[in-house]
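Visitor: I should like to understand the terms applied to this structure. Please take me through the reasoning behind them.

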Amino acid sequence: MPEMEARLQGCPVYTVVNRNKEFLLVSDEQSREKQLGFFFFSQDDAQHLLGQVKEKDPGLAKSASIMQVSLDKVYRFAMVPREKELQGVMFRFFPDQREVKNALDLFQERGLSATSMAGVPVFQAEGLTIKAEDKRYVPLFFSKNDLDKALESSMKGAGQEVKVAAKKQLVKEEKELKRMERLYKKKSISEEDLKEQQERTERIRSYARDPSKPKVDVGSFEQVLTEMQRDDDEYSLWRQVIFVPAGASYFQNSAEEEAT
């Protein structure tokens with residue numbers, strides 16, 4: 001899926017490799033027969049694993065290093081048949097624990113008693129979009145701090161312009177809701193999918209009334225990726241998603257010009 005890979009370009013993850021650039025695998029604590037390979041969203045977490053390797057096997061650690069790879073290459077790796085020696089190996093994403101805490105804090109603000117986060121958190125502000133190549137996209141941030149900065153930039157002096165853009169977004173959401181209602185009647189989607197769009201439309205409606213306080217949502221990167229893969233409707237909202245890598249300050253300028 002070239003389009004999917006394009007959405008993931010420039011988003012770095014880190015893994016530990018040996019001198020031949022081969023994955024350094026670790027044993028699963030629950031099943032010693034299984035081996036795991038990790039892609040870390042924080043270089044510090046990758047460094048921690050490297051430190052553990054040095055303690056357990058100093059000889060191996062001498063040739064081990066941290067390698068940065070882009071998520072589009074990880075996606076491509078996941079889509080092709082694996083080499084024989086990697087068959088049976090489980091690869092997992094390891095989220096930045098600071099962002100996991102940010103996600104749990106958001107859950108608690110909503111009165112949810114969540115103590116863990118399934119998957120890698122991605123953050124989204126209702127109504128915030130970015131325009132590129134004459135198309136408008138919905139940015140999902142790997143860093144809550146980056147999202148906060150983008151919101152701060154986008155809201156400066158926006159005033160009535162933001163309200164107008166928010167209302168345009170509401171029209172799109174209501175159109176999408178009607179489309180999903182038709183699909184639900186045909187039993188093409190689940191009640192859960194319909195309810196999710198209903199809630200999203202209502203949040204946008206609330207934001208259009210008061211854009212000074214945009215609602216921030218958090219979800220799972222893996223779940224978003226799954227929805228993008230299985231959705232073949234080119235007009236679907238999933239097709240509008242782009243991922244913003246942590247520390248991508250360039251987005252702030254775009255957000256300032258194209259906030260909705």
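Guide: We may begin with Thr129, in a model that is predicted. Thr129 lies in the loop between strand S6 (121-125) and strand S7 (130-132).

Visitor: Why is Thr129 called buried?

Guide: The relative accessible area of Thr129 is 2%. Buried means under 20%, so Thr129 is buried.

Visitor: What makes the approach of Thr129 to Arg136 a polar contact?

Guide: The two side chains come to 2.9 Å, and the cut-off requires N or O atoms within 3.5 Å. The pair therefore qualifies as a polar contact.

Visitor: Why is strand S8 described as largely enclosed by the rest of the structure?

Guide: Strand S8 covers residues 135-141, and five of its seven residues are buried, so the description follows.

Visitor: How do you know that S7 and S8 pair?

Guide: Pairing requires at least two bridges, and three bridges join S7 to S8, so the two strands count as paired. They run antiparallel, with Ala132 opposite Lys135 in S8. S7 and S8 form a hairpin with two residues between them, and Glu133 in the turn has a positive phi of about 55°.

Visitor: With which other strand does S8 pair, and in which sense?

Guide: S8 pairs with strand S10 (residues 241-244) in the parallel sense, over four bridges. Val138 has Val241 in S10 as its bridge partner.

Visitor: Which residues touch the most other members of the largest nonpolar core?

Guide: In this core of 23 residues, they are Leu8, Leu71, Phe142, Phe221 and Phe243. Two or more residues come from each of helix H1 (2-8), helix H4 (71-79), helix H9 (221-230) and S10. H9 gives the most, with four residues. Beyond its neighbours within four places in sequence, Phe243 has contacts that include Arg7, Leu8, Cys11, Leu140 and Met228. Another core, apart from this one, has 17 residues, among them Val100, Phe123, Phe141 and Val244.

Visitor: What makes the phi of Lys21 notable?

Guide: Most residues other than glycine have a negative phi. Lys21, which is not a glycine, has a positive phi of about 65°. Lys21 is found in the loop between strand S1 (12-17) and strand S2 (26-27).

Visitor: Is Lys21 classed as buried or exposed, and why?

Guide: Its relative accessibility is 54%; exposed means over 50%, so Lys21 counts as exposed.

Visitor: Where is Lys187, and why is Lys187 called exposed?

Guide: Lys187 is in the loop between helix H7 (159-185) and helix H8 (191-209). With a relative accessible area of 76%, against a cut-off of over 50%, Lys187 is therefore exposed. Its phi is also positive, near 60°.

Visitor: Why is the pair of Phe38 and Phe40 called tilted?

Guide: The ring centres are 5.7 Å apart and the planes stand at 35°. Stacked requires under 30 degrees and edge-to-face over 60, so this pair is tilted. Phe38 and Phe40 are both buried.

Visitor: What makes the pair of Phe77 and Phe91 edge-to-face?

Guide: The angle between the planes is 85°, and over 60 degrees counts as edge-to-face. The centres are 5.2 Å apart. The pair links distant parts of the chain, with Phe77 in helix H4 and Phe91 in strand S5 (residues 90-94).

Visitor: Why do Phe77 and Phe91 fall into opposite sides of the buried cut-off?

Guide: Buried means under 20%. Phe91 has 19% and is therefore buried, whereas Phe77, at 23%, counts as partly exposed.

Notes. Residues are numbered from 1 along each chain as its sequence is written. This is a predicted model: local features need pLDDT of at least 70, side-chain atom pairs count only at pLDDT 80 or more; totals for chains, interfaces and linings use all residues. Side-chain values use heavy atoms; hydrogens and water are left out. Buried means under 20% relative accessible area, exposed over 50%, partly exposed in between (1.4 Å probe, protein chains only). A polar contact is a pair of N or O atoms within 3.5 Å; within protein, one must be able to donate a hydrogen and the other to accept it, and residues adjacent in sequence count only if both atoms are side-chain atoms. A nonpolar core is a set of buried Ala, Val, Leu, Ile, Met, Phe, Trp, Tyr and Cys residues joined through side-chain atoms within 4.5 Å. Contact means heavy atoms within 4.5 Å. Rings of Phe, Tyr and Trp (its six-membered ring) pair if their centres lie within 6.5 Å; planes under 30 degrees apart count as stacked, over 60 as edge-to-face and the rest as tilted.
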